[in-house]
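The exercises below ask the reader to work through one molecular structure step by step. Each task is followed by its solution.

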Amino acid sequence: MTLTDASMDALRQAGDELADATVATLFERGEVGKFNTLMRYVSTVNAPLPNGLPKVAREYLQATSAPPTWVDWDEMEKARLFFIDNNVHVSTALSFASMPACFLVPHVAKLLSTTHGLNYPSKRMAETGQFTVHLMQPDAFEANSRFIPAAQKVRLLHAAIRHHLERENRWDTEALGVPICQEDMIGGQLFFSLLVLDSLHRLGIHMSVEGAEAYFYAWRVVGAMLGVDQDAVPKTLDEARAFLDLYMLRHMGPSEEGAHLTRQLIDLYEEVVPGTFFDPIVSALIRHLVGDTCADWLQVPRTPWDSVVKAVPHLLGVLETIEDRSPVGAWALDRLGHLASIFELSSLTRGRVMHYAIPEQLKKDYGISGTVPRTHRWTPPAATIS
């Protein structure tokens with residue numbers, strides 16, 4: 001796969017043809033409200049589609065009701081076991097590396113601000129956490145799957161955001177490309193896969209090559225089900241590294257929205273952490289995982305915990321030694337990790353099930369005001385990127 005600025009620019013002009021056409025028809029016929037109402041409690045793949053569902057929606061749901069035919073189920077099982085073994089570490093990486101990485105891309109931070117609102121950071125984190133938990137369940141692609149319906153709805157949500165921003169003239173498509181374009185979808189897929197693996201390495205977590213490749217593979221399957229162009233997506237970790245490096249060099253930089261979203265993320269997790277003594281560890285973890293340069297762009301505060309967090313890999317190394325040498329210890333740590341992940345997700349969702357719906361209008365649902373201005377490409381000094 002040859003990557004150039006020209007090939008990446010082409011990906012910026014492409015959306016998701018199937019989902020975009022479905023959403024356009026639903027809006028044209030005034031059937032979005034009906035779709036949301038009928039589909040609100042359709043949460044498993046074997047649930048019968050409700051009577052009265054618009055024809056175009058029924059056709060879309062039937063066309064996207066199964067994973068790609070090329071899926072290697074042995075790899076998917078390896079990915080699930082990898083997640084079970086590293087669930088706390090993966091959750092930490094998703095929360096304190098992957099999400100801040102999204103905020104490091106100014107036009108993505110702008111889009112997140114416009115579509116989710118600066119006052120609702122828990123919503124996106126809860127949706128992401130619930131989505132990942134659904135993906136890593138044993139029945140993720142079986143008859144009772146909750147992941148497939150979630151993926152189908154998220155894909156339509158992305159299409160609806162494109163629909164609103166482009167038709168309401170709130171997005172400079174010429175300068176920024178199509179909202180949630182193929183380049184950004186692939187970039188996001190890599191934030192939640194490759195960047196997680198990088199963060200586990202930075203935390204000192206020991207991973208087999210086989211396990212890491214399986215986890216990356218699982219997110220390739222996710223990307224396919226979310227409408228990512230499989231001709232353009234990286235197929236190997238080396239290809240993914242090349243794509244992510246070029247993507248970040250093309251787009252990463254500071255922005256007001258990125259800093260604001262990061263502050264909201266920090267505040268959110270400081271509420272989850274019991275008491276106040278450990279609050280600074282949230283900022284310290286973000287700084288440790290994204291590096292000082294990126295953390296400064298996001299205005300992550302420096303704290304006395306910055307040096308303490310550097311000892312985390314040593315502590316995790318001790319725990320991994322216990323896990324390797326004791327079956328009981330391994331069971332206890334896996335169980336503790338599972339409970340910690342469930343606690344984090346329940347804290348973010350406040351015990352609610354997150355529903356993925358098509359927003360009927362962005363201003364009403366997410367608080368948009370004003371237009372999205374043109375942003376300029378950031379050219380970072382090579383020696384300062386960390």
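**Exercise 1. How many helices and how many strands does the secondary structure of the chain come to?**

Solution. The model is a predicted one, and its secondary structure comes to 21 helices and 0 strands. The chain has 386 residues, and buried residues make up 55% of them. Turning to contacts with a separation of 6 or more, residues 24 or more positions apart account for 79% of them.

**Exercise 2. Determine how the axes of α6 and α12 cross, and which residues make the contact**.

Solution. Begin with the geometry: the axes of α6, which covers residues 87–103, and α12, which covers residues 194–202, come within 9 Å and cross at roughly 120 degrees. Since the range for roughly perpendicular ends at 115 degrees and roughly antiparallel requires an angle over 145, α6 is therefore oblique to α12. The crossing of these two helices is right-handed.

Next, list the participants: α6 contributes His-89, Val-90, Ala-93, Leu-94, Ala-97, Ser-98 and Ala-101, while α12 contributes Leu-195, Val-196, Ser-199 and Leu-200. Sorted by class, the contact of α6 with α12 holds 8 nonpolar residues, 3 polar ones and no charged ones.

**Exercise 3. Classify the crossing of α9 and α13, and divide the residues of their contact by class**.

Solution. The axes of α9 and α13 come within 9 Å, with a crossing angle of roughly 50 degrees. Because roughly parallel requires an angle under 35 degrees and roughly perpendicular starts at 65, α9 is oblique to α13. On the α9 side, Phe-147, Ile-148, Ala-151 and Arg-155 take part, and they meet Val-222, Ala-224 and Met-225 of α13. The division by class gives 6 nonpolar residues, no polar residue and 1 charged residue.

**Exercise 4. Which residues of the largest nonpolar core touch the most other members, and which helix gives the most to this core?**

Solution. The largest nonpolar core has 90 residues, and those touching the most other members are Phe-131, Phe-141, Phe-147, Phe-191, Tyr-215 and Tyr-247. Helix α13, spanning residues 209–225, gives the most to this core, namely 10 residues.

To follow one of these residues further, leave out everything up to four places away in sequence; Phe-141 then touches Pro-67, Trp-73, Met-76, Leu-135, Phe-147, Ile-148, Val-221 and Met-225. Apart from the largest core lies another one, of 16 residues, which includes Leu-26, Phe-35, Met-39 and Ile-358.

**Exercise 5. Is Asn-169 buried or exposed, and is Ile-180 buried or exposed?**

Solution. As background, most residues other than glycine have a negative phi. Asn-169, although not a glycine, has a positive phi of about 55 degrees, and Ile-180, also a residue other than glycine, has a positive phi near 50 degrees.

Now locate each residue: Asn-169 is found in the loop between α9 (147–167) and α10 (173–176), whereas Ile-180 is found in the loop between α10 and α11 (182–191). Asn-169 counts as exposed because its relative accessibility is 61%, the threshold being over 50%. Ile-180, with a relative accessible area of 13%, is buried, since buried means under 20%.

**Exercise 6. Where does Cys-294 lie, and how far apart in space are Cys-294 and Phe-103?**

Solution. Cys-294 lies in helix α17, which covers residues 292–297. Its relative accessible area is 3%, so Cys-294 is buried. Finally, Cys-294 and Phe-103 are separated by 191 residues in sequence, and their C-alpha atoms are 9.9 Å apart in space.

Key
Residues numbered from 1 in each chain as written. Predicted model: local features only at pLDDT ≥ 70, side-chain atom pairs only at ≥ 80, totals over all residues. Heavy atoms only, no water. Axes fitted to C-alpha atoms, helices over the stretch in contact; angles between N-to-C directions. Helix = DSSP H or I, 4+ residues; strand = E, 2+ residues; numbered from the N terminus. Left-handed = near helix turned anticlockwise from the far one by under 90°. Contact = heavy atoms within 4.5 Å. Nonpolar A, V, L, I, M, F, W, Y, C, P; charged D, E, K, R; others polar. Core = buried A, V, L, I, M, F, W, Y, C linked by side-chain atoms within 4.5 Å. Buried < 20%, exposed > 50% of the residue type's maximum accessible area, 1.4 Å probe, protein only.
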